[in-house]
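Reader: I would like to understand the reasoning behind the labels used here. Could you walk me through it?

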Amino acid sequence: MTAGALVLVGTPIGNLGDLPPRAAEALRTAAAICCEDTRRTGRLVELAGMGRRDGQPLIRLDDHTEAARIAEVVERVGRGERVVVVSDAGMPGIADPGERLVRAVAEAGLTVEVVPGPSAAVTALVASGLPTGRFAFEGFLPRKGEARADRLAELSTETRTVVFYESPHRLARTLTDLAAVCGPDRPAAVGRELTKLHEEVRRGSLAELVEWASAGEPRGEIVVVLAPAPPGAPATSEEVVAAVAKARDEGLSARDAAARVAAELGVPRRVAYDAALGLPR
Ligand code: SAM
């Protein structure tokens, strides 16, 4: 009997040719497969020519069911089963279920293995042409309200390349919001339908990307990559006040003006925000 393990298996993000032999083998020999969509994973197993064995259950795992499945999976691994975890596409645990299962299995003193595969975030990052030495992955950005404004402001001063997922119908709006806080000249890239027939990587300034995305809603799956905030020469307080005043005159809120000036001049956001609050309004 093979020793029990939770095995996280990366699956293609579009091109089925990206299913490596070790992933196929893990799927073929698993005692059970945890997946988000049993039909989709069933199809993947069929398409990859593996065919499911009798009695090899597909256990449905999504953000809502992950917690409820933990006891069953830990029990299976504990009795010596190899339980595979896949998501609909890419690496499980990356903006997908998996993290809690890994923690529970590891805390039970059991083995966790990974069969690495593609992830849209890393694929877009390396295709972007932007710095890859240090990067921050943001999953999906908050959709609205203060949480979104705060996150955008935070990203504007991030000194690592930022990678995040976005839906096509929110892309133009998000790029516009980013241009407001980072300045229109910040380089960025959009990876669309990566590894698929209509794969596209668009590189340009935020202003150029806004223009492209607004001209007609880009279709398909999207990753946004944002260049790091430029290292600013130390700015004088007069320069900060003048830049904040200019941004406010352009109609930006105190928060957005502070984020933009912080990114452009390389000063802490708090300093720019204090300057914004100090202005007559
Ligand atoms: N676990 C996956 C991974 O490792 O890439 C990500 C899952 S997340 C729920 C799905 C999002 O990833 C999509 O909404 C899209 O933003 C991005 N994505 C997935 N496949 C993609 C592709 N082929 N091209 C561009 N983006 C993709």
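Author: Gladly! A polar contact is a pair of N or O atoms within 3.5 Å. Keep in mind that this is a predicted model.

Reader: What makes tyrosine 165 a polar contact of the ligand?

Author: An N or O atom in the side chain of tyrosine 165 is 2.8 Å from an oxygen atom of the ligand. The cut-off is 3.5 Å, so this pair counts as a polar contact.

Reader: Which backbone atom lies 2.9 Å from an oxygen atom of the ligand, and which side chain is 3.2 Å from a nitrogen atom of the ligand?

Author: The backbone one is an N or O atom of methionine 91. The side chain belongs to glutamate 221, through an N or O atom. As for cover, the protein takes up 90% of the 570 Å² of accessible area that the ligand has on its own.

Reader: Why is the ligand said to sit in the largest pocket?

Author: The label needs more than half of the ligand's atoms within 2 Å of the pocket's grid points. The ligand does sit in the largest pocket, so that condition is met. Around the ligand are 19 residues, with Ile94, Asp96, Ser119, Ala120 and Ile222 the closest. E7 and strand E10 (222–226) each give at least two residues to this shell.

Reader: How do you know that strands E6 and E7 pair?

Author: Pairing takes at least two bridges. E6 (residues 135–140) and E7 (residues 161–166) have 4, in the parallel sense, so they pair. Phenylalanine 140 stands opposite tyrosine 165 in E7.

Definitions and conventions:
Residues numbered from 1 in each chain as written. Predicted model: local features only at pLDDT ≥ 70, side-chain atom pairs only at ≥ 80, totals over all residues. Heavy atoms only, no water. Near = heavy atom within 4 Å. Polar contact = N/O pair within 3.5 Å; in protein donor to acceptor, adjacent residues only side chain to side chain. Areas by Shrake-Rupley, 256 points an atom, 1.4 Å probe, with all protein chains shown as cover. 1 Å grid on protein atoms, 1.4 Å probe; cavity = no way out; pocket = protein on both sides within 12 Å on 5 of 7 lines; lining within 4 Å.
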